[in-house]
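Visitor: I have a structure to go through and a few short questions about it. Can we take them one at a time?
Guide: Go ahead.

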Amino acid sequence: MKVLTYIMKRLKKGRLHMTLLDPEKGTSHDIGKLAEMASNLGTDAIMVGGSTGVDQKILDANVREIKARTSVPVILFPADSSSLSPYADAIYFMSLLNSRSVTHVVREQRRASQAIKDMGLETIPMGYVIVDPGMKAGEVGEADLLRRDSSEGAVSYALTAEYFGMKLFYLEAGSGAPSPVPSDMIRAVKEESRLPLLVGGGIRSPEAAREVAEAGADIVVTGTVVERENGSKALKAVIHGVKGW
Ligand code: 1GP
């Protein structure tokens, strides 16, 4: 089954949780173990990526290790055109819609396109918007950060993604953000756009996860929480918060 079909099917039954793992934050063995833990706790997919590009050999080793230890889909969440691996199940073919630089809107994507085709990777077109404070993703992506009170701005980006024919829309506060994307913004986007909405950045507690999910996030993404001490307990609570178990 295609990964997008898997996502859409699961969304019919409820909200999803995805775990972002950064190959720069450990050996492939460490990353594989975290993926296994997250998958056992009920995460619906593993996203692999970071704010900066990773050497393909390292990325390949990480993805293979994750694939060997889990049965959930592994989706590349690329920082640039170097972040590709034929061992992944799919890649978010994403455009950073609020970047000041065309590089992150379309150039890196163009640079990667032939390799993606040669690898036979499934592409999932996704509009990506970085909300204040944006953290490293905002800096690296040269984002014109979306103000936290600009629900209108978020809605217009979501509609833009929808009218471009993208299949998903992602609101990102940045990894390690002090607080997640505001609930009002999530609610506004959900009311106006039909695209499945991903929300990530700064979600570390079950309360925050529940708030983001109840505001309308279809897919809640967390990274940092699983990397911490007691990651298993914390991630379990976050996943429960998302799914309402
Ligand atoms: C992924 O930024 C999120 O896009 C992850 O953020 O590390 O704060 O969970 P956290």
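Visitor: Which helix does Met135 lie in?
Guide: Met135 is part of helix 5. Keep in mind that this is a predicted model.

Visitor: And what is the phi of Met135?
Guide: Phi of Met135 is positive, at about 50°, although the residue is not a glycine. Most residues other than glycine have a negative phi.

Visitor: Is Met135 buried, partly exposed or exposed?
Guide: Met135 counts as partly exposed because its relative accessibility is 28%, and the partly exposed class runs between 20% and 50%.

Visitor: What about Glu142, what sign does its phi have?
Guide: The phi of Glu142 is positive, near 45°, and Glu142 is not a glycine either. Glu142 sits in the loop between helix 5 and helix 6, the latter spanning 151-164. With a relative accessible area of 34%, Glu142 is partly exposed.

Visitor: Back to the backbone. Is the peptide bond from Asp132 to Pro133 cis or trans?
Guide: That bond, from Asp132 to Pro133, is cis, and its omega is near 15°. Most peptide bonds are trans.

Visitor: Where does Pro133 lie?
Guide: Pro133 is in the loop that runs between strand 5 and helix 5.

Visitor: New topic, pockets. How much space lies in the largest pocket?
Guide: The largest pocket holds about 750 Å³ of space. Its lining is made of 48 residues.

Visitor: Which residues lie nearest its centre?
Guide: Nearest the centre of the largest pocket are Gly50, Ser51, Phe77, Tyr128 and Ala137.

Visitor: Which element gives the largest share of the lining?
Guide: Strand 4 does, with 6 residues. Elements that each supply at least two residues of this lining include helix 4 (102-119), strand 5 (122-130) and helix 5 (135-140). Strand 6 (168-172), strand 8 (219-222) and helix 9 (224-227) are also among them.

Visitor: How does the lining divide into nonpolar, polar and charged?
Guide: The lining of the largest pocket has 21 nonpolar, 18 polar and 9 charged residues.

Visitor: You mentioned strand 6. Where is Glu172 found?
Guide: Glu172 is found in strand 6.

Visitor: Is Glu172 buried or exposed, and what is its nearest side chain of opposite charge?
Guide: Glu172 is buried and has no salt bridge. The nearest side chain of opposite charge belongs to Arg148, 10 Å away, whereas a salt bridge needs the charged atoms within 4 Å.

Visitor: What lies 3.0 Å from a polar atom of the Glu172 side chain?
Guide: The backbone nitrogen of Gly174 lies at that distance, 3.0 Å, from a polar side-chain atom of Glu172.

Methods. Residues are numbered from 1 along each chain as its sequence is written. This is a predicted model: local features need pLDDT of at least 70, side-chain atom pairs count only at pLDDT 80 or more; totals for chains, interfaces and linings use all residues. Side-chain values use heavy atoms; hydrogens and water are left out. On a 1 Å grid over the protein atoms alone, a cavity is a set of points where a 1.4 Å probe fits but cannot get out, and a pocket is an open set with protein on both sides within 12 Å along at least five of seven lines; lining residues have an atom within 4 Å of a point. Grid points are joined across faces, edges and corners, and a volume is the space filled by probe spheres set on the points. Helices (H or I, at least four residues) and strands (E, at least two) are DSSP runs, numbered from the N terminus. Ala, Val, Leu, Ile, Met, Phe, Trp, Tyr, Cys and Pro count as nonpolar, Asp, Glu, Lys and Arg as charged, and the others, Gly among them, as polar. Buried means under 20% relative accessible area, exposed over 50%, partly exposed in between (1.4 Å probe, protein chains only). Lys and Arg count as positive and Asp and Glu as negative; His and the chain ends are not counted. A polar contact is a pair of N or O atoms within 3.5 Å; within protein, one must be able to donate a hydrogen and the other to accept it, and residues adjacent in sequence count only if both atoms are side-chain atoms.
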